[in-house]
Every structure is written in structure tokens, then in C-alpha cells.
Amino acid sequence: MDDHVYLGTWTNWSRGPVLGRTLTTTKENGNLLIAFTAFFVAFVASRFWRIFCLIFHRWYSTSDPQDAIHHQRQITLRNSSTAESGLWSFVCIMYAWRRAPIKRLLCVLPPILLAVSSLVAFTIAGGYSATISTTMGDEVLIQSPSCGILPGRAESNIPDSVLSGNNAERLNNAANYAQQCYNTNSPGMLDCNRFVAKRLPTQTIDYNATCPFDESICRSTDSNIYLDTGYIDSNSHLGLNTPDGQRFAWRYVLHCAPLKTEGYVSHLVQQGTNKSFARPSTSVYFQGQLLDGSDFVPLPEVNASNGALTIVFLSGDGVLFSQIADDQWYRGIVPYRMVYDMGINGSSQTYRPEEAASPMGCVEKWQWCNPAYPPERGCGPLSDNIDAIYGAAPLFNMTVEDLAPERPSSPTAIGTQLVWSALIFLGNPQTIAFALLHLGAKSLISQSQLYGGVQFSLSQNQWQLDVIHWWNTILASIQASYIDTVLGYNDPEIDSSKWPPLNEEEQTMCKSQKIRSSAYTSFSLFGLYFTYVTGAVIIILSYVLEPSLAWLHRRRKYRQYEHLEWASNTSLQLYRLANESLGLGKWSDCTETVPITECGTHLACLDIADLNHPIFIHPADTIQVPTPEQVDQESDGEEADDHSDETAIGDITQSPISCMQAESDSSNTPQVTQDDASLHSTNPGSLVLAEGGHQNSPIQQVPANITANTTSIHRQNSPEPE
């Protein structure tokens with residue numbers, strides 16, 4: 001079956017025209033699509049978070065003086081790339097400021113709630129992305145060039161030996177499927193997940209039903225069995241993938257009762273064969289008249305002119321019962337002989353059937369419906385299969401004459417529903433007689449307890465259990481017949497004799513059969529479209545929103561402070577601001593994503609002399625070291641000054657800072673050795689540093705306890721400090 005699965009897009013009408021749009025692909029491609037979708041959802045989540053960060057950042061932005069918590073929140077909103085990183089940063093802020101007033105900490109709570117909500121929402125969305133395939137289940141379409149209707153026996157030119165062998169194989173498969181997949185107590189070694197519905201439903205099972213015939217001929221008037229499927233839908237139960245208004249429903253009813261034989265039998269002695277048989281005889285009616293093909297003319301007491309009557313005879317043929325079988329059909333109650341029982345090391349009594357052939361009468365009825373009509377007037381008569389089909393013809397815009405040809409057809413979609421399904425039914429007779437004719441004694445559940453010609457323990461209602469097994473076998477055979485119609489049979493001689501589809505509507509029926517398969521993956525196109533379209537909108541919006549606000553800032557002067565704070569709070573812009581505060585670098589693009597300075601400009605270094613308080617300092621190659629003449633002049637000036645201030649001494653020591661080593665220029669810059677342990681500046685307590693920013697800006701002064709990572713510092717060729 002898996003070789004005929006349709007790959008591509010199609011509509012699963014069970015879910016409707018929108019939600020039912022489906023993409024079926026191979027397992028490998030399906031796994032790739034699931035993985036890519038999960039990655040896409042994660043990326044969308046990050047872009048969604050950036051949108052909310054922008055909104056919150058602008059909402060909180062203000063030119064009024066604010067505390068550190070406010071600015072740390074703003075910087076976190078600007079620089080957290082995902083909700084996870086933002087949440088962690090906000091939690092760290094709250095923990096670091098845990099001793100601050102609660103009122104101040106509450107300002108971090110809304111972004112935290114936003115991050116949590118985003119995480120939860122997109123975690124669910126990520127899980128949903130994995131269910132885009134699982135929500136569609138494992139339903140797939142099958143298509144095959146061998147699609148066609150198997151003619152009925154009367155219209156077929158297939159040899160009986162070939163056709164009977166094929167029917168026997170199909171019924172054996174159906175019986176095995178019914179035994180394992182319809183029986184809830186069975187361990188189920190077969191694959192029971194091939195049909196759209198694992199089993200066709202049985203709406204009613206009545207173990208205490210009335211007699212379907214004249215009460216005088218039934219062995220019981222209130223312990224018979226009645227089975228009713230209810231209305232079987234062509235789409236949800238049989239797997240015919242058609243939209244509303246182009247479906248059908250049918251109903252199957254079986255009513256059985258063991259029959260009396262007193263006064264209706266003659267006795268015949270025959271040597272036993274140690275076998276039990278279930279032999280059917282059928283009488284079929286059409287429009288109230290007994291058909292010529294019937295096996296017998298029923299007595300008035302069992303006349304069932306509104307259904308198909310089958311008399312099933314259970315023949316013991318020498319089978320013995322290990323104990324009394326007081327079942328109404330088996331009736332193994334006559335003591336026969338003693339046999340040796342090794343278990344008790346002695347003899348035990350055996351019993352034989354009371355009658356050579358115990359009869360059971362069954363009436364089968366069918367009903368065809370058009371679900372487009374109201375239930376009270378949308379069904380044909382509950383009758384024999386032929387009468388049921390003809391009686392439902394007007395509901396499908398057909399007449400009895402339209403169904404009369406040997407190979408009827410209909411140009412309409414709704415008419416084809418009835419014709420196609422009726423031909424499948426007639427080409428694969430699904431009746432008690434048909435099943436028992438091919439299965440024989442194998443149709444009896446009691447066979448599992450038959451050994452060496454001795455029938456061991458039976459249930460009190462064993463005959464009812466057998467009937468239920470027949471019923472399940474027929475239902476399983478009906479399920480398989482729709483699949484076989486599309487895929488064909490194992491015998492080329494049978495396939496070559498099938499009736500091919502005659503028109504476009506029948507071609508559509510050949511392309512409308514669903515099965516279940518785990519070898520392929522089906523995706524909801526609606527789910528894929530929703531995921532990718534919504535995600536694409538979020539991604540595009542996240543990348544368009546900032547440039548749009550920047551355009552409004554440039555052209556309309558719209559909320560200038562909010563825009564410039566957003567632009568300045570990036571990590572690269574914050575680094576620029578830190579360097580400019582030290583007068584380092586000549587910067588441009590100061591409102592763009594990446595600010596730049598002149599190539600080769602050395603920027604601030606990290607001073608880690610205090611491991612608990614690292615700071616930015618000037619790089620060593622920008623320190624202005626005074627010449628010896630300048631030092632002498634400063635000393636003379638200090639001695640003459642009556643109001644000299646305390647001199648700050650800056651020790652130049654070996655320090656572990658991450659700056660570039662100052663370049664040596666011995667040709668024009670005198671070296672200052674370690675003997676020059678202190679440098680005196682013009683201002684007490686400070687060293688004069690060259691301005692690294694604009695040429696006309698004032699010279700920046702920094703504390704005198706600056707350390708350098710070289711033992712010698714060279715003076716740059718720069719303007720003299722003022």
C-alpha cells in the first residue's frame with residue numbers, strides 16, 4: 001500500500017476545505033521540514049522580543065534625571081537579543097539591587113513579565129510547530145493505475161477457480177483482522193492501523209433480542225442476537241475523501257436466532273468425521289419476490305421478504321463435547337461414551353450433539369442514505385441489499401432505470417457515490433452466506449477449543465460469539481474491499497477483468513481513497529502558512545520598525561530623545577561614549593549601529609589594579625611626559641611660590657593593563673627610566689594627558705595614580721599642554 005501513496009498537496013475533507021489542506025511528503029523530508037520550522041519559530045521569537053524591547057524602551061525613555069536601575073533597565077532592553085537573555089539580566093538587576101526600596105525594584109517587573117510571557121508563548125508555539133504534522137494524523141491518499149470495479153460473478157468472465165481462490169484469501173485475511181483488531185481482548189499481532197477507521201462501529205448489540213421469525217420456530221423468544229452498525233459514513237469510516245454533499249451512508253443490520261427442528265426434519269445416519277461445519281443456505285428476495293438464485297424456498301414461519309434470509313446449519317460430524325454444551329445452537333447434551341482422561345487418571349463422560357445439523361436463521365438488511373438530506377427523509381428502505389440500493393436511487397438523483405444496465409454509471413458526483421459503492425458491494429458480496437461459504441468451520445470461534453475431535457469448554461452463549469465474529473469479518477471485508485478496488489488484487493487475471501472508471505467522477509473516486517501510513521508525514525498547510533506568514537510579518541516588522549522610526553526622527557523630528565537614547569544604548573555606542581568622556585578618538589556615525597573613529601586610534605584600556613573595581617584609563621601612548629627642562633622649570637617655580645600646593649606623585653610601575661605597549665622613538669623622544677619615580681604635573685594631584693579627541697578641545701586631566709605597563713614612557717610629538 002505504501003508504494004501507492006500520493007505525495008503533494010491535497011484536501012482532507014474530514015477537516016474541511018481550509019483546515020483540511022494537507023501536504024504529504026516522505027519521512028525524511030518531513031523531518032527536515034519539522035526541524036526547520038522549529039528553528040524558524042525560535043528566530044521569530046527573538047525578533048518578536050526585539051519589537052517589544054523597542055516599544056518598552058521608548059515608553060520608559062525620559063530626559064528627566066533617573067537612577068541607576070532605570071538606566072540599567074534601558075540598557076538591558078536595548079541589548080538583550082532574546083527573551084531568555086533579557087529575563088536573566090533583569091533577574092540579575094533585581095538581585096543586585098535587592099536592598100533597594102521595593103518601589104524602585106517594581107520598575108523592572110513589567111519587562112520580566114513580558115520576558116516570561118514571551119518565553120511561554122513561543123515555547124507553546126514551538127511545541128505546536130512540531131504538531132503541524134501530528135495534528136493531521138497519518139492519513140494519506142492512495143492512487144493506482146489498477147483502480148477498477150470487480151464485476152459480480154454473473155457478469156464476470158473470470159474462472160470460478162481463480163475467483164473463489166481470491167475470495168477465500170480475502171475472507172481469511174478479513175477473519176484474521178476481525179479476530180485481532182475488532183476484538184478488544186486480543187493482543188493484536190497484525191497492523192490494525194491501516195484503515196482510516198480501525199474498526200467499523202457497531203451501534204447496537206442486543207443479546208436478548210426477540211425472534212426475527214414466527215415465535216413458534218425460534219428456540220427462544222428473548223435471548224436471540226440483534227446487531228446494528230448505525231449509519232456508516234463514507235468519509236470518516238470508509239475513507240472515501242469527498243466533500244460534504246458528495247457522501248453517502250449505509251446501515252447494516254443482522255438478526256439471528258437458533259431454530260427448532262421438531263416437525264421439520266428427517267433422520268439420516270452417516271459415519272462421523274470428527275469435524276464441525278457451518279453450512280449456509282440462502283434465500284434472496286427482490287421487491288418482495290423470491291429470486292431464482294435462492295438455495296431454498298423458506299417455510300412461512302421463517303419467511304423474511306424484507307431481508308436476505310440465511311439458514312446456517314451446524315454439523316457435528318462426529319465431534320464430541322468434553323462437557324455438557326447447553327448452548328442453544330451447539331446443543332451437545334446427549335451422553336455418548338467414556339474416554340480416558342490423563343489429567344484425572346480415569347475416565348470422563350463425553351457428549352454428542354443432539355442433532356446432526358442444528359439450524360440458525362439470520363436475516364440481513366441494508367439501508368442507503370444521502371447525508372445531505374434531513375435524517376427523517378434522507379434514507380432508502382431498510383431491506384435486502386438489492387431493494388435497498390434501488391430504493392435509495394431517488395436520493396442520489398437517479399432512477400431505477402439508471403441502475404438497470406449491467407455496468408451502470410452516473411455523470412454526477414452524488415450519483416457516482418451510490419453507483420460506485422453499490423458496484424463494490426455487489427462485486428464483493430458481503431453477506432453471512434458468502435463468508436461462511438468460503439470460511440466453513442474456520443468461521444467458528446469454538447474451533448480454538450477443538451482438539452483431537454473433542455470440543456472443550458464453551459461459553460453459555462457460544463453461538464452469539466460466533467455470530468459476532470461473522471459480523472466483524474463482514475465489516476472488515478467491507479473495509480478491505482474499498483482499498484482493493486483502488487490498488488487491485490494479487491492476481492493479474494482478476495485485475496485485467498475489472499471495470500475501469502468510465503468518467504471523470506469515477507476517476508475522482510479512484511483518487512479519493514484514504515488509508516493510514518506511518519511511512520510518510522502529512523502536514524497541515526493551514527498550520528504551515530499560518531506559522532510562516534505570521535513569522536515573516538513579525539520578522540519584517542522587526543527589521544522595518546527601527547529604520548522607520550529613524551526616518552521619522554530625521555524628517556519629522558519625532559520623539560528625538562527616545563530615538564537617540566535607543567541609538568546610544570547599544571553596547572558599541574556606550575563604548576564610544578566612554579571613550580569620548582576620556583577625550584579619546586575622533587568619532588563619526590554616532591547615531592548608527594556601529595560608530596567608527598580614525599583607523600589606528602588607540603582607545604581606552606581596562607585598569608585592573610583594583611580587581612573589584614576595574615576602570616577605563618587612557619592608553620599609555622597618549623600620556624604627555626614632561627622633558628627634563630620642563631621638570632627643572634616647574635621645580636624652580638615651586639620653590640619661588642609661597643603658596644605651593646602639595647605635589648602629587650605618580651608612580652610609574654609595572655601594571656597588568658591590557659593596553660598596547662608604547663612605541664619607542666629614540667630619535668626625538670627622551671626616555672624616562674625607572675629612576676624617574678615621580679612625575680610632577682602643572683596641577684597638583686594630576687597628570688596631564690594629551691587630548692585624543694578634537695584638536696581644539698581642552699586637555700583632559702586624570703588622577704595621578706595612573707599606572708603604565710612599561711618601564712619607559714616616550715613623549716609623543718604633540719602640542720605642548722597649556
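Which strands does helix H13 (residues 525-556) lie across, and at about what angle to S19 does it run? Helix H13 lies across S1, S2 and S19 and runs at about 60 degrees to S19. Contact is taken to mean heavy atoms within 4.5 Å. Axes are lines fitted to C-alpha atoms, for helices over the stretch in contact, and angles run from 0 to 180 degrees between N-to-C directions. Helices (H or I, at least four residues) and strands (E, at least two) are DSSP runs, numbered from the N terminus.

The structure is a predicted model, in which local features need pLDDT of at least 70 and side-chain atom pairs count only at pLDDT 80 or more, while totals for chains, interfaces and linings use all residues. Residues are numbered from 1 along each chain as its sequence is written, and side-chain values use heavy atoms, with hydrogens and water left out.

The sheet beneath this helix is open and consists of three strands in the order S1-S2-S19, with antiparallel pairing. Strand S1 (8-11) and strand S19 (520-524) stand at the edges with a single partner strand each, so one side of each is left without a neighbour in the sheet. From one strand to the next, the twist averages 30 degrees. Two strands are said to pair if DSSP finds at least two bridges between them. S1 and strand S2 (residues 21-26) run antiparallel and are joined by four bridges. Within this pairing, threonine 9 has leucine 23 in S2 as its bridge partner. In general, strands of a sheet pair through backbone hydrogen bonds, either parallel or antiparallel. Helix H1 (residues 27-60) also lies on the sheet, across S2 and S19, and runs at about 115 degrees to S2.

Helix H1 packs in addition against helix H14 (residues 560-568), at an angle of about 130 degrees and with the two axes 9 Å apart. H1 and H14 are therefore oblique to each other; angles under 35 degrees count as roughly parallel, over 145 as roughly antiparallel, 65 to 115 as roughly perpendicular and the rest as oblique. Their crossing is right-handed, a crossing being left-handed if the near helix is turned anticlockwise from the far one by less than a right angle, and right-handed if clockwise. On the H1 side the contact is made by Arg50, Cys53, Leu54, His57 and Arg58, and on the H14 side by Glu562, His563, Glu565 and Trp566. Cysteine 53 counts as buried, at 0% relative accessibility (buried means under 20% relative accessible area, exposed over 50%, partly exposed in between, with a 1.4 Å probe and protein chains only).

Disulfides were identified as pairs of cysteine sulfur atoms within 2.5 Å, and by this rule the count comes to five. One of them is formed by cysteine 147 and cysteine 510, whose sulfur atoms are 2.0 Å apart. This link is left-handed, with -80 degrees about the S-S bond. Cysteine 147 lies in the loop between strand S3 (139-142) and helix H6 (160-182), and cysteine 510 in helix H12 (residues 504-510), so the pair ties together parts that are 363 residues apart in sequence. Cysteine 147 is buried at 7% relative accessibility, and cysteine 510 is likewise buried, with a relative accessible area of 4%.

A further disulfide joins cysteine 256 to cysteine 362, with an S to S distance of 2.1 Å. The link of cysteine 256 and cysteine 362 is right-handed, with 120 degrees about the S-S bond. Cysteine 256 belongs to strand S7 (residues 249-258) and cysteine 362 to strand S15 (residues 357-369), so that distant parts of the chain, 106 residues apart, are linked. Both cysteine 256 and cysteine 362 are buried.Strand S15 also contributes cysteine 369, which forms a disulfide with cysteine 379, their sulfur atoms being 2.0 Å apart. The torsion about the S-S bond is about 110 degrees, so the disulfide of cysteine 369 and cysteine 379 is right-handed. Cysteine 379 lies in the loop between S15 and helix H7 (385-392), 10 residues from cysteine 369 in sequence. Cysteine 369 is buried, with a relative accessible area of 4%, whereas cysteine 379 is partly exposed at 26% relative accessibility.

Methionine 338 is placed in strand S13 (residues 334-341) and counts as partly exposed at 49% relative accessibility. Methionine 338 touches Ser347, Ser348 and Gln349, not counting residues up to four places away in sequence. Methionine 338 and glutamine 349 are 11 residues apart in sequence and 4.6 Å apart in space, C-alpha to C-alpha.
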